[in-house]
Amino acid sequence: MKDTDRRRYGFSIGYLLVALLGAWLFQSLIFRPFIQQQQEVPYSQFRDELGAGNVQEVILESERIYYTCCTPAEDASPGQVYNVVRIEDPDLVPDLVAAGVTFRATPPANSALTGLLGFIIPFLPMLLIGFFLFRRLGQAGGGAVMNFGRSKAKEIAGEMTGVKFADVGGADEVEVELQEIIAFLKEPARFTRLGAKLPKGILLVGPPGTGKTLLARATAGEAGVPFFSISGSDFVEMFAGVGAARVRDMFQQAKAKAPCIVFIDEIDAIGQARSGPGAMVSNDEREQTLNQLLSEMDGFEANAGVVIMAATNRPDVLDQALLRPGRFDRQVQVTLPNEDGRLQILRIHAQQVPLASDADLGRLAKITPGFSGADLANIVNEAALLAVRRNAERVTMDDFNRAIERVVAGLQKRTPLKPEVRRKVAYHEAGHALVAELLPTTDQVHKVSIIPTAKGALGYTMQMPEEDRYLLSDRELTERMAVMLGGRAAELVVYDETTTGAANDLERATDLARRMVTEFGMTTALGPVRYATEAGAGYLGYARTLNNGLSPETAAQIDAEIRRLVEAAQQQAVALLSDHRASLDEIAAVLQEDESITGDKVRAIAARGQGR
Ligand code: ADP
Ligand code: MG
Ligand code: ZN
């Protein structure tokens, strides 16, 4: 048992104890008195009371009779509930009618404190215990509390998604790849007759938010077949055997509903390599689930009519066994959208949003390279929210611009900085912005702000590329680095001191320099050799550089080169800012005054400075 497991079991035992204690208290304080209050009496007594006209209300059940009555002779308070074992008595109903008593048969739900409660209360302690237990067990399964072990996919068994390719923007190439699958799902017989074999599994690979899940749903929608979906992350943190059972169940149901699509989202969560550098911690549960998945995939014919789709943003960590022929043997790359795609996506999401005449989606698509479909959807939504907040009828370009800022920089916090801090931050950001404007290859400044963001930055400089960049030269990279160090350079030029505010900038610059040296082979000292052993920044954006197999001399040389590159970039930035000190002062002054400055204004100031 691993440490985390022990803690988990420990937790559930703790909960169990609490539940038992609660149940005991409940039993002794509430349950007991209620039972005492609901007294069982002989049938003859019931008959006597009825004859004496003391009975007030009667509930007839198949085996029991409950009644309320007040007998002055007894100590019973009005409303006392008695219960009687029912005896075959054909005269009962006529007698009840004759006595003018209110009576009804089950279900007794309306009469609040009578039969129903008496029936439920004995079970309450059990329900309580069950609730706590299942909550622990079913934690990973989310809502699937009562049917853990059954496939979660069951809950949406055969969902008809109704999503079409028209709802997906900028993925035309992927859609073409998926057409064949759709044709097969629509008419499996045509394919089987010719003996054609289709890929069993299709793996959608791409960065987060590019619409992989959406595409899978649209594939089912286009083919008009049921969509079974399950997410790999559901399996993490689950008791042994449950994940495997779910996989088994899901495939069983899917086979019964064929043709259909089984979709495994975030498959990397179960399909991680079982050993090797990619594996984090060996996890028995995941391994069992993965093995079950593999054997299910092997277990049915390629033409059974079940198409398995899966999505991941980390193909590099997937277990090789998953990628073997007969399993996920076809990979489809889902990339970040280009300008055209971004426009399509913006149009799709703006359909329900009334746009003002100045809202130019084409312009938005232009200034949002690197944004995913989810980012763009988010921007449209944020813009609409901003318009609502203004009580406006239509969404304007200004709403969109502010929405972009929010999505990029996070929400702004309104805690004013002290004047001295404010001045430093203003110079720091002005440094980034001015260097970006003065260097020829760097992206244009879109906006600079010294309003602290929710993500903890004291200010930010937003650059917006005017086009998609696929290939970057060493010069472009060095100039980017100079922009990153522009903040620190401004501190040096103006204050001749450094602050902690540049920590993140330094990290990014160092990262970039490292990749230039070890991945891109861009320094003469080390030559065009790849030194990083792991794939560089994956989709998640971090480089796993294990310098395996590097001699200490080489490692030292790499460090020296990185340092040289970063220092050169800083010097370049310092030199530029010293030369354009007047422009730097001017931008910083505007920032201190207005808290933000547009890219156009920065450009105007920089141009004036260059003219001097
Ligand atoms: P992924 O699975 O690749 O992480 P999702 O399919 O979950 O991405 O995308 C999240 C949301 O982003 C979608 O529900 C959709 O609203 C939007 N979205 C992402 N990509 C696109 C796209 N290509 N076209 C339209 N909307 C998209
Ligand atoms: Mg997804
Ligand atoms: Zn900075």
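Three exercises with worked solutions follow, on a predicted model.

**Exercise 1. The zinc site**

Identify which residues coordinate the zinc ion (ligand 3), and state which parts of the chain the pair H428 and D505 ties together.

Solution.
- Step 1: The zinc ion (ligand 3) is held by NE2 of H428, NE2 of H432 and OD of D505, at 2.0 to 2.1 Å.
- Step 2: Along the chain, these donors follow the spacing H-x3-H-x72-D.
- Step 3: Helix α17 (residues 419-438) contains H428 and helix α20 (residues 503-518) contains D505, so the pair ties together parts that are 77 residues apart in sequence.
- Step 4: Both H428 and D505 are buried.

**Exercise 2. The negative patch**

Find which residues form the negative surface patch, and determine whether E177 is buried, partly exposed or exposed.

Solution.
- Step 1: The patch consists of D172, E173, E177 and D340.
- Step 2: Helix α6 (residues 172-186) contributes the most to the patch, with three residues.
- Step 3: E177 is located in helix α6.
- Step 4: The relative accessibility of E177 is 38%. Partly exposed covers values between the limits of 20% for buried and 50% for exposed, so E177 counts as partly exposed.

**Exercise 3. The setting of I59**

Locate I59 in the secondary structure, classify I59 as buried or exposed, and give the distance between I59 and N83 in space.

Solution.
- Step 1: I59 belongs to strand β2 (residues 55-60).
- Step 2: The relative accessible area of I59 is 3%. Buried means under 20%, so I59 is buried.
- Step 3: N83 is 24 residues from I59 in sequence, and their C-alpha atoms are 9.4 Å apart.

Note on methods
Residues are numbered from 1 along each chain as its sequence is written. Chains are lettered from A and ligands numbered from 1 in the order in which they are written. This is a predicted model: local features need pLDDT of at least 70, side-chain atom pairs count only at pLDDT 80 or more; totals for chains, interfaces and linings use all residues. Side-chain values use heavy atoms; hydrogens and water are left out. Patches are made of residues with over 30% relative accessible area and no salt bridge: like charges are joined within 9 Å, nonpolar side chains (Val, Leu, Ile, Met, Phe, Trp, Tyr) within 5 Å. Accessible areas come from the Shrake-Rupley method with a 1.4 Å probe; for residues, only the protein chains shown count as cover. A salt bridge is a side-chain nitrogen of Lys or Arg within 4 Å of a carboxyl oxygen of Asp or Glu. Lys and Arg count as positive and Asp and Glu as negative; His and the chain ends are not counted. The place of a charge is taken as NZ of Lys, CZ of Arg, CG of Asp or CD of Glu. Helices (H or I, at least four residues) and strands (E, at least two) are DSSP runs, numbered from the N terminus. Buried means under 20% relative accessible area, exposed over 50%, partly exposed in between (1.4 Å probe, protein chains only). Donors are N, O and S atoms within 2.8 Å of the metal (3.2 Å for Na, K and Ca); water is not among the atoms, so sites may look incomplete.
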